[in-house]
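User: I have a model open on my screen and a few terms I'd like explained. Can you walk me through what justifies each label?

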Amino acid sequence: MTTTPVNVTVTGAAGQIGYALLFRIASGQLLGPDTPVKLRLLEIPQGVKAAEGTAMELDDCAFPLLAGIDIFDDPKQGFEGANVALLVGARPRSKGMERGDLLEANGGIFGPQGEAINAGAADDIRVLVVGNPANTNALIAQQHAPDVPAERFTAMTRLDHNRALSQLASKTGAPVSAIKNLTIWGNHSATQYPDIFHATVDGKNAAELVDQSWLESDFIPTVAKRGAAIIEARGASSAASAANAAIDHVHDWVNGTADDSWTSAAIVSDGSYGVPEGLISSFPVRAKGGKWEIVQGLEISEFSRGKIDASVNELVEERDAVKELGLV
Ligand code: NAD
Ligand code: LMR
């Protein structure tokens with residue numbers, strides 16, 4: 001058993017995703033059953049009391065792997081020594097808002113957090129940004145952390161990936177476990193492109209199992225607009241499913257993905273598939289040796305090219321907008 005606990009910083013710890021996430025981290029689902037964790041909860045001052053309440057409940061679970069909990073309202077302290085940072089804290093969108101509306105409101109949070117990560121996080125820090133607009137918030141944080149390798153900053157599209165798996169499973173009548181090599185491309189927004197052209201269901205090409213009209217008029221919009229549908233139905237944005245996806249993302253990043261499939265994550269582009277270098281965009285990825293690698297060599301049809309470009313263009317616009325605001 002590893003004896004040195006891993007420091008996991010969670011921002012927005014008192015929020016609804018935080019509440020769904022922390023118990024799973026403390027029970028060992030983030031890093032595995034042999035890795036003790038120390039939680040560092042970061043909140044704004046108004047959130048500290050509720051975070052203390054959550055910490056009391058965490059104590060009351062007597063998790064064998066939970067080696068300690070500290071609560072902060074100062075990013076510098078919150079990220080001190082962090083090995084894993086889950087940047088959840090941000091304002092969620094409410095009914096009728098698009099993610100772009102959040103750029104200014106949330107952009108200001110991620111610069112200072114990037115600086116704090118740069119100043120005090122552990123050398124092996126891995127960052128997952130969940131707070132929206134996740135890709136561009138991750139870019140802002142990354143740009144404020146010049147001493148941290150850029151590849152350590154990622155944004156979450158695993159929830160979109162899981163949503164796509166589930167939709168395809170229900171359409172084809174196959175279990176989720178029979179589906180491999182699905183991809184979410186681009187931004188975690190309504191422009192994202194869930195791509196099934198390289199996916200297989202029980203070894204058969206997924207695109208050949210469904211018709212193009214279902215793909216275009218049902219599957220893609222259902223996956224891309226699922227966040228808004230959840231807000232409409234629940235009156236609040238997704239929480240347990242978002243926490244679940246965050247666990248999946250970090251677990252795979254640290255422990256590796258299976259050899260016979262890939263997953264999706266928004267990572268810093270190296271220019272692959274024509275995505276401008278430096279943008280944090282979702283790709284087909286495998287994790288090996290603690291690093292994400294973009295799956296190379298996939299043939300991209302004209303249909304897919306158009307969809308990928310549309311989402312990547314939105315990321316370029318978001319980057320330009322936060323540049324204008326002086327956030328990067
Ligand atoms: P919430 O409002 O319930 O909780 C947010 C928490 O963050 C609050 O407790 C708030 O006090 C805290 N917070 C705000 N600013 C902070 C800061 N500067 N430092 C630390 N904490 C801060 O929201 P939620 O439902 O938990 O959602 C959090 C974010 O996750 C939102 O931006 C939401 O849109 C996003 N989200 C992303 C995905 C995804 O797939 N990427 C999925 C679901 C939700
Ligand atoms: C989601 O996809 O559920 C979240 O990003 C919340 C939202 O605003 O859509």
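Analyst: Sure, and keep in mind that this is a predicted model. Let's start with a small sheet: three strands run in the order β7-β10-β11, with antiparallel pairing, and the sheet is open.

User: What makes β7 and β11 the edge strands?

Analyst: Each of them, β7 (179–180) and β11 (204–205), pairs on one side only.

User: How do you know that β10 and β11 pair?

Analyst: Two strands count as paired when there are at least two bridges between them. Strand β10 (residues 200–201) and β11 have two bridges, in the antiparallel sense, so they meet that cut-off. If you want a spot to look at, Thr200 stands opposite Asn205 in β11.

User: On to the helices. Why are α6 and α7 called oblique?

Analyst: Helix α6 (residues 158–172) and helix α7 (residues 212–224) pack at about 140°, with their axes 9 Å apart. Roughly antiparallel needs an angle over 145, and roughly perpendicular covers 65 to 115. The angle of about 140° fits neither class, so α6 and α7 are oblique to each other. Their crossing is right-handed.

User: And what makes α5 oblique to α10?

Analyst: The axes of helix α5 (residues 134–143) and helix α10 (residues 302–324) come within 10 Å and cross at roughly 45°. Roughly parallel would take an angle under 35 degrees, and roughly perpendicular starts at 65, so α5 is oblique to α10. The crossing of α5 and α10 is right-handed too.

User: Now the ligands. Why do you say ligand 2 lies between the domains?

Analyst: Because domain 1 (6–155) and domain 2 (158–318) both give residues to the shell around ligand 2. That shell consists of Pro92, Arg93, Asn132, Leu159, Gly227, Ala228, Ile230, Ser237 and Ser238. Helix α8 (residues 226–234) supplies the largest share, three residues.

User: What makes the polar count in that shell four?

Analyst: Gly counts as polar here. The shell around ligand 2 therefore divides into four nonpolar, four polar and one charged, with Gly227 in the shell.

User: Which domains does the shell around ligand 1 draw on?

Analyst: It takes at least three residues from each of domain 1 (6–155) and domain 2 (158–318). In all, 28 residues surround ligand 1, and the closest are Gly12, Gly15, Ile17, Gly47 and Gly89. Helix α1 (residues 16–26) gives the most, with three residues. By type, the shell around ligand 1 splits into 14 nonpolar, twelve polar and two charged.

Technical notes. Residues numbered from 1 in each chain as written. Chains lettered and ligands numbered in written order. Predicted model: local features only at pLDDT ≥ 70, side-chain atom pairs only at ≥ 80, totals over all residues. Near = placed C-beta within 6 Å. Helix = DSSP H or I, 4+ residues; strand = E, 2+ residues; numbered from the N terminus. Domains from an automatic or database assignment. Axes fitted to C-alpha atoms, helices over the stretch in contact; angles between N-to-C directions. Left-handed = near helix turned anticlockwise from the far one by under 90°.
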